[in-house]
Amino acid sequence: MIDIKKIDQAQAEILKRAYSNKQLAHSFLFVANDQTIAINTAFWLACLYNCQGENKPDGTCQNCQQILSGNHPDVLTVQLDDRQSLSIDQIRPLKEELAKSPVESQIRFFIIEQAQTLTLSAANALLNLLEEPIAPVVTILITNNLDQILPTIRSRTQIFKFASEASLSGSKDSLLDSGFSADEIDNLGDLTKLNQSIKYFYEEICEQNDLAIVSAYKLASQSQSPELRKYILFRLKYLAEQDLHHDDKRITGMHMLKYLMDVDKMNLSNVSFKNLLMYLALQGKR
Ligand SMILES: [Zn+2]
């Protein structure tokens with residue numbers, strides 16, 4: 001669900017200033033590990049343009065509501081659906097759309113999710129659109145991997161890198177997609193502190209720091225409930241996956257994912273949670 005309260009405030013501030021000064025770019029590339037935050041921020045921007053309220057964007061006026069429910073005729077989204085990639089058939093209609101005049105507003109918004117999955121032909125069609133839009137349009141591409149975006153597209157967009165810390169507060173919506181039930185998420189409580197401890201633990205393992213052993217004990221004693229234990233392993237995997245997106249950390253991330261898969265197997269054979277974490281803490285030593 002789109003929630004324009006859950007956005008990256010720092011980036012939104014920059015966008016708002018550019019908008020007020022009428023200096024907003026026409027194409028953006030939002031790079032974010034947390035896609036939900038980036039998508040919300042893209043919709044927030046579309047609302048900012050179209051909002052009829054005083055406190056723009058209020059998210060409550062008719063225009064905002066239409067946008068947020070996905071029913072605004074001038075705000076179009078391209079999504080993966082069930083496929084592996086975004087095809088040219090999904091990009092072509094955008095161009096056709098531009099040939100008509102906007103239905104309700106002065107400008108259109110194209111929001112393209114998972115832009116790293118654009119096929120080459122789709123990317124080229126999009127490039128065309130970015131180069132010579134035949135009508136006013138703001139195109140926002142969203143990706144979790146800048147490396148997989150064609151350099152020609154990168155150079156034609158204004159790149160916004162969302163801080164990964166933005167997701168540290170633990171966007172709980174994304175947990176639902178990751179195999180946690182609503183009850184489990186409720187029971188987890190506030191994750192801010194725990195996320196910080198998990199992050200330290202992860203870094204200590206990677207740095208082969210002896211403190212990892214201390215942290216393993218601490219984390220184990222803090223995680224009394226099954227959902228907390230499940231969450232800690234989930235979060236460690238998340239951190240490892242993040243590392244895969246950075247050239248200098250890719251190898252570390254791959255190693256950590258392998259250890260975490262070992263841990264999953266051990267978990268099935270009833271190894272205590274403390275021992276699982278100890279296993280991880282000692283991996284850095286190898
Ligand atoms: Zn509004």
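**Close-up views of a predicted model**

**View 1. Lys22 sits out in the open.** Lys22 is exposed, with 76% of relative accessible area, and this model is a predicted one. To find Lys22, look in the loop that runs between α1 (9–20) and β1 (27–31). The backbone has something to show here too: phi of Lys22 is positive, near 55°, and Lys22 is a residue other than glycine.

**View 2. The whole chain, for orientation.** Before going further, here is the protein chain in outline: 13 helices and five strands. Its C-alpha atoms fill a box of roughly 65 × 40 × 35 Å along the principal axes. The chain has 286 residues, and 48% of them count as buried. Take the contacts between residues at least 6 apart in sequence: 72% of these join residues at least 24 apart.

**View 3. A cis peptide bond leads into Pro57.** The bond from Lys56 to Pro57 is cis, and its omega is near -10°. Pro57 belongs to the loop between α2 (35–50) and α3 (62–68).

**View 4. Helix α9 packs against helix α11.** Helix α9 covers residues 192–206, and helix α11 covers residues 226–244. Their axes are 10 Å apart and meet at an angle of about 55°. That angle makes α9 oblique to α11, and the crossing is right-handed. From α9, the contact is made by Leu194, Asn195, Ile198, Lys199, Phe201 and Tyr202. From α11 come Leu228, Tyr231, Ile232, Arg235, Leu236, Leu239, Ala240 and Asp243. Sorted by class, the residues of this contact are 10 nonpolar, one polar and three charged.

**View 5. Glu203 and Cys206 are two partly exposed residues.** Glu203 lies in helix α9 and is partly exposed, with a relative accessible area of 30%. Follow the chain from Glu203 to Thr119 and you cover 84 residues; in space, their C-alpha atoms are separated by 35 Å. Cys206 is also partly exposed, at 29% relative accessibility.

**View 6. Gln208 lies between two helices.** The loop between α9 and α10 holds Gln208. Gln208 is not a glycine, yet its phi is positive, about 55°. Its relative accessibility is 45%, so Gln208 counts as partly exposed.

**View 7. Ser215 is tucked away in helix α10.** Helix α10 spans residues 211–222 and includes Ser215. Ser215 counts as buried, at 16% relative accessibility. Which residues does Ser215 touch, not counting those up to four places away in sequence? They are Phe201 and Glu204. You have met Phe201 already, in the contact of α9 with α11.

**View 8. Helices α12 and α13 run roughly antiparallel.** Helix α12 (residues 250–268) and helix α13 (residues 273–283) have axes that come within 10 Å and cross at roughly 155°. An angle over 145 degrees counts as roughly antiparallel, so α12 is roughly antiparallel to α13. Their crossing is right-handed. On the α12 side, the contact is made by Tyr259, Leu260, Asp262, Val263, Met266 and Asn267. On the α13 side, Leu276, Tyr279, Leu280 and Gln283 take part. By class, the contact has seven nonpolar, two polar and one charged residues.

**View 9. Cys61 is a buried cysteine.** Cys61 has a relative accessible area of 12% and is buried. How many disulfides does a search of the whole structure find? The number is zero.

Terms used:
Residues numbered from 1 in each chain as written. Predicted model: local features only at pLDDT ≥ 70, side-chain atom pairs only at ≥ 80, totals over all residues. Heavy atoms only, no water. Disulfide = S-S within 2.5 Å. Buried < 20%, exposed > 50% of the residue type's maximum accessible area, 1.4 Å probe, protein only. Axes fitted to C-alpha atoms, helices over the stretch in contact; angles between N-to-C directions. Helix = DSSP H or I, 4+ residues; strand = E, 2+ residues; numbered from the N terminus. Parallel < 35°, antiparallel > 145°, perpendicular 65-115°, else oblique. Left-handed = near helix turned anticlockwise from the far one by under 90°. Contact = heavy atoms within 4.5 Å. Nonpolar A, V, L, I, M, F, W, Y, C, P; charged D, E, K, R; others polar.
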